Amino acid sequence: MTGVPASAAGGTGRPTPPGGKLGAAAVNQAGLWNIANILTMVRLVLVPAFVVLLLQDGGYDPAWRAWAWAAFAVAMITDIFDGHLARAYNLVTDFGKIADPIADKAIMAAGLVCLSALGDLPWWVTGVILFRELGITLMRFWVIRHGVIPASRGGKMKTLAQGTAVGMYVLALTGPLATLRWWVMAVAVVLTVVTGLDYVRQAVVLRRRGLAAERARQAARTAAGAAAWVESGAVAGSGTGPGTNSGAEPEAGPEVESGAGAESGTEPGR
């Protein structure tokens, strides 16, 4: 299923091929209520549900934490599918662009803060991850007029590691699994820092290139304006020059004639 109503595809009742013209028309008609946006909304609703389940009975009941893990897992899975469906069936909307990253960061932030509040996770881990996520989001807006920083493979690995680690911490694990989740979280923190620094590097390079391109365009416009001004001045000069010369010649004529008359007038006096 494409997630697009049959009526939106022209009433044929047949699924629209991804990327086709009918698909684009169907998206325009479907508007907000498409499968990708619905999954995003489900993930937003799961955030408060996840917090309530995790903190039930003081936050240490294994059964409630298992339910909280289920809600967290569903949120992570919908994060994968809504993005895939939006790209595959051209269901990208303004709501999805805004709500999708908010839902991603909200479920992750909720898990980290709750785990730190319960004493299961050091606050510095939560601080590092949240600082990185917020900083990169603001930085993307900072350079958006110069271009878009694409999600890297490292960034995707970071998201997977964070989701796996938080999910393992949500469950009431003991023994070797409790030790394993510590290492998974350590990997997630390292990937968080490394990919964050890489995104900063990309942002700086992108901004420099953008500013250089703007300066080049400004210089080209200035040069074109100067060339046009010189050309217009040359045309104006070529139009007034002959008139000036022709006006000078009559002025010179009387001077020559008066000079000749003076000479002829002085000859008798000599």
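Me: In this predicted model, is W183 buried or exposed?

Reply: Relative accessibility settles that, and exposed means over 50%. W183 is at 53%, so it counts as exposed. W182 is at 48% and therefore counts as partly exposed.

Me: How many aromatic pairs does the structure hold?

Reply: A pair of aromatic rings is described by the distance of the centres and the angle of the planes. The structure holds two such aromatic pairs. In one of them, the F50 and F72 rings have centres 5.6 Å apart and planes at 40°, so this pair is tilted.

Me: Where do F50 and F72 lie?

Reply: F50 belongs to helix 2 and F72 to helix 3, so their pair ties together parts that are 22 residues apart in sequence. As for cover, F50 counts as buried at 0% relative accessibility, and F72 counts as buried at 2%.

Me: And what are the distance and angle for the rings of W182 and W183?

Reply: Their centres are 4.8 Å apart and their planes stand at 85°, so you can call this pair edge-to-face. Remember the surroundings too: W182 is partly exposed, whereas W183 is exposed.

Me: Which residue lies over the face of Y169?

Reply: Here you look at a charge and a ring rather than at two rings. The residue is R181, at 4.6 Å from the ring centre of Y169.

Me: Let's turn to charged pairs. How many salt bridges does the count come to?

Reply: The idea is a side-chain nitrogen of Lys or Arg within 4 Å of a carboxyl oxygen of Asp or Glu. By that rule the count comes to nine salt bridges. A good one to start with is D82 with R43, where the closest N and O atoms are 2.8 Å apart. This pair links distant parts of the chain, with D82 in helix 3 (residues 62-88) and R43 in helix 2, 39 residues apart.

Me: Are D82 and R43 buried or exposed?

Reply: Buried means under 20% relative accessible area. D82 has 2% relative accessibility, so it counts as buried. R43 is buried as well, with a relative accessible area of 0%.

Me: What else does the side chain of R43 meet in a salt bridge?

Reply: It meets the side chain of D104, at 2.8 Å from N to O. Again distant parts of the chain are linked: D104 is in helix 4 and R43 in helix 2, 61 residues apart.

Me: With which residue does K158 form a salt bridge?

Reply: With E133, and the closest N and O atoms are 2.9 Å apart. K158 sits in helix 6 (residues 153-170) and E133 in helix 5 (residues 123-142), so to speak two distant parts of the chain, 25 residues apart. K158 is buried, with a relative accessible area of 6%, and E133 counts as buried at 12% relative accessibility.

Me: Which residues do salt bridges that share partners join into one network?

Reply: Follow the shared partners from bridge to bridge. They join R43, D79, D82, D100 and D104 into one network.

Me: Last topic, the surface. Which residues form a nonpolar patch there?

Reply: The patch is formed by L32, W33, I38, V42, L44, F95, I98 and I102, and together they have about 710 Å² of accessible area.

Me: Which helices each supply at least two residues of the nonpolar patch?

Reply: Those are helix 2 (35-54) and helix 4 (94-117). I102, for one, has its place in helix 4.

Methods. Residues are numbered from 1 along each chain as its sequence is written. This is a predicted model: local features need pLDDT of at least 70, side-chain atom pairs count only at pLDDT 80 or more; totals for chains, interfaces and linings use all residues. Side-chain values use heavy atoms; hydrogens and water are left out. Patches are made of residues with over 30% relative accessible area and no salt bridge: like charges are joined within 9 Å, nonpolar side chains (Val, Leu, Ile, Met, Phe, Trp, Tyr) within 5 Å. Accessible areas come from the Shrake-Rupley method with a 1.4 Å probe; for residues, only the protein chains shown count as cover. Helices (H or I, at least four residues) and strands (E, at least two) are DSSP runs, numbered from the N terminus. Buried means under 20% relative accessible area, exposed over 50%, partly exposed in between (1.4 Å probe, protein chains only). Rings of Phe, Tyr and Trp (its six-membered ring) pair if their centres lie within 6.5 Å; planes under 30 degrees apart count as stacked, over 60 as edge-to-face and the rest as tilted. A charge sits over a ring if NZ of Lys or CZ of Arg is within 6 Å of the ring centre and within 35 degrees of the ring normal.
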